[in-house]
Amino acid sequence: MKHHYKKSLAIILTISSIPGFIIAALVYWMGGSRLESELLNLHQLQIEQGARNIDQQLTNLEVMMSHWASDNQFDYTLEEVDFHRNYDRVKDITQTLLVMEGSNTLTKRVELCLVKPSAVLFDPQYSPIDSEKFKRIYQDLLLTDKLSYWTQWSFDPDHPNVKDITLVQHIPGGSTEPFGALLLRLDSDKISSMLKSLMPYNEEESFLIQDTGNLYFSASGAGAEAPLVEALREKIGEQPSKRSFFYDWQGVTYTVSYGTFSRIASNWTYVSASPVPSITLPVLFISKLIFMLSIVSLALAGLLSWFASRRIFSPVKRLARHLSGGQPASYNKEDEFAVIEKRWSLLHEQSHEMRSRLSGQLPHVKESFLRQLIQGYYYAYSEEDLKRRMESFKWEVSGKAFVVVYVQLTGITNHEGKFKFGDEGLATFAAVNIISELAGLHFEQHNTINFHNLKAALLVIAPNHEPLYGKLQAFSEELTQAFNQVLKMNVTMVISRPVGWLTEIPAAFEGARQLAAFRNFSSENQIISMEEQTNAPAEEELQYPLALERELLQALQTGQEGLANQLLESFLAALTIDGVKEIEVQLGMLHLLGSIQHAVMMSGIHPNRLFKGVNMYECLSQIREPRLILEWFREKIVEPYLQEILQRTDVQVKKVAEDAVQYIRQYYMKDISPESCAEETGTTLFFLSRSFKQITGRHFTDYLMEVRMDKAKELLRDTDLLITDVAELSGFQHSNFHRIFKKLEGMNPTQYKEFSRGKAEDAGE
């Protein structure tokens, strides 16, 4: 026992000390070399950034002076101005100089000096120059052929050593015989502050120097003859290609950075020299301090490890005795941990077997419970009963809010999709896996329910105080993108309102499921939030294409398969206009199915025999894809009906019926009859009547009356014609038009016209 304890303690101390020494050595190495190099690079970047800022400010000053020198106020007319009398001109020049002076923070003063015809100075106030000493100072500025240049000039003859860096611009601009100059004098203190941005540390040296030697300025105030300045200038002259280097001066290593500014008529050189110890000393001190603290920490860790190991060993001993049945003699010759390992392995195998059985059944039990909960099978359970059931499945439901997300996949018939018709179960299984994976990234508690028919639901459980709308919206957008990219399918998602009671979950699910039926049928992906649905969906008038329905029924009754398929596509396209809801499309197609079944019965064919006893309404209500709806109609409705028609009629019968229908639609406004139609089509009255009834299911006169009434209603709705004109154009006699119209429509033509106009206005509002 003692041997194992001492050996374990020695191993623990050795292993625990190794990481500390490694970390301390790495930190010291990084502080001594890597961090030093990084800091020097950072310092170099800081110098270059400061230099660019200085260059930009000086460039702005040059551009500003060039602009003002071309101003009309500083042209040749200044030679002819009497400044003693022309007060307005003096005032304008003074205000202009004040504006120039305030346009840049580096500007100390902007002056205008004129030497012809008399010496005058605006600084910025007007004053004549009477002193010969002052006059000579300003005249010397014009004794150069440069129109614009930088200089370091003394403007006080009594203090010739006090000089300002000055930008001189001859006026008029571009003249070879200037009679004056604009002078922009820089503030020495601000130039010094600007240069100090190139020397972050107090022991540095930073200065500017013109290549001609006429201008020199130091941020520290050192003269051009200072030993360090001269040494740096000499070193830079020896290696003009290098822009940074290390330089030893009086036992101190400096990092030197320099560059050039391209100024007017000259180049300026900036130099910044920083002592390396000032840059890296704090880092080296911290790294050494960390190293020392690491050693102290390791010593303290060793002491605490010794104390902790003694305390830890006591429960190990008790555990070994307990697992061995309370007989210490049984493990005297064996390591305690070996005893614990054997006993623990046995118990772990037993526990693992039981947990495997439970984990294999628990997901199915949980999903079955949730499916029954959201579908309302537990309506008789109280809130407390449901809470206990949920907590028994390891859900935390106290103080939580519950949200149901209803998911409906669409677009399974897309050409680029991975699934086809018949793979609904496989597509739903893949979608449920994607939902579960993404929900795990957004919510702590969630469960997905698979309905196996391109529909699924997600129950999200979150704290009451947690804002769920933003997270649910982000989750829905991410899930939509995943479905589009992975499954190549579209999705409609409905997010229910958060509820605080388990008994309210079925109502939330049912509301979301019902709201999904009001999705925009033409849209690809839709995310609908019940929080944003303040009112129930507006009940709009269904735009049902009656004309297309009649043409489709006629094509079916006359056996025109190609035309019938085209009209079927046009009918569905007319229903699926922009903004139409899914439920409206379903109602329209169900209404068409009813009309076709009525036509089947009128043709003498029993629907049960034709459709083999299948509930066609139930089958159609389960289809939500436009392409699948068309395929279903063609396969289950159009083809069986046309085959039956072909078996019951021959080509001559269909030809006679088609000619009769064409004759009615062409001459309905005239006084026509079955006799005239038979004569026109070249057949007998009996054969015409029998063929027409057999194909269309209606008598000739009934069909003629129907066509005329449709035309009359169209003219009443869409035109402002008189009733007499409507009757004539639709084939009725004026004397009996009112009586026939009221008998068939339940109102006279005038009432129908007013009713249809009022309905159109309501729909427009």
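This is a short tour of the structure, stop by stop, with something to select at each one.

Before you start, know that this is a predicted model, in which local features need pLDDT of at least 70, side-chain atom pairs count only at pLDDT 80 or more, and totals for chains, interfaces and linings use all residues. Residues are numbered from 1 along each chain as its sequence is written, and side-chain values use heavy atoms, with hydrogens and water left out.

**Stop 1: an open sheet**

Select residues 205-210, which make up strand β7, together with residues 266-275, which make up strand β11. Strands here are DSSP runs of E with at least two residues, while helices are runs of H or I with at least four; both are numbered from the N terminus. β7 and β11 run antiparallel and are joined by 6 bridges. Two strands are said to pair if DSSP finds at least two bridges between them. For one such bridge, click on Q210: its partner in β11 is W268.

Now widen the view. These strands belong to an open sheet of 5 strands, ordered β8-β7-β11-β10-β9, with antiparallel pairing. At the edges you will find β8 (216-218) and β9 (244-249), each pairing on one side only. From one strand to the next, the twist averages 20°.

**Stop 2: two helices across the sheet**

Add residues 188-196 to your selection to show helix α4, which lies across β7 and β8 and runs at about 65° to β8. Such angles run from 0 to 180 degrees between N-to-C directions, with axes fitted as lines to C-alpha atoms, for helices over the stretch in contact. Contact here means heavy atoms within 4.5 Å.

Next, add residues 227-238. This is helix α5, lying across β7, β8, β9, β10 (252-263) and β11, at about 135° to β9.

**Stop 3: a charged network**

Side chains of opposite charge can pair when their charged atoms come close. A salt bridge is counted when a side-chain nitrogen of Lys or Arg is within 4 Å of a carboxyl oxygen of Asp or Glu, and the structure holds 12 of them.

Select E111 and R185, whose closest N and O atoms are 2.7 Å apart in a salt bridge. This pair links distant parts of the chain, with E111 in strand β1 (residues 107-114) and R185 in strand β6 (residues 180-186), 74 residues apart. Are these two side chains buried or exposed? E111 is buried at 1% relative accessible area, and R185 is buried at 8%. Buried means under 20%, exposed over 50%, and partly exposed in between (1.4 Å probe, protein chains only).

E111 also meets R109 in a salt bridge, at 3.5 Å from N to O. R109 is partly exposed, with a relative accessible area of 29%.

**Stop 4: around T696**

Jump to residues 685-696, helix α20, and pick out T696. T696 is buried, with a relative accessible area of 3%. What does its side chain reach at 2.6 Å? The backbone oxygen of F692 is there. A polar atom of the same side chain lies 3.3 Å from the backbone oxygen of R698. Leaving aside neighbours within four places in sequence, T696 is in contact with Q557 and V661.

Finish by selecting R698 and E706, which form a salt bridge with their closest N and O atoms 2.8 Å apart. R698 is partly exposed at 24% relative accessibility, and E706 is partly exposed at 30%.

Key
A polar contact is a pair of N or O atoms within 3.5 Å; within protein, one must be able to donate a hydrogen and the other to accept it, and residues adjacent in sequence count only if both atoms are side-chain atoms.
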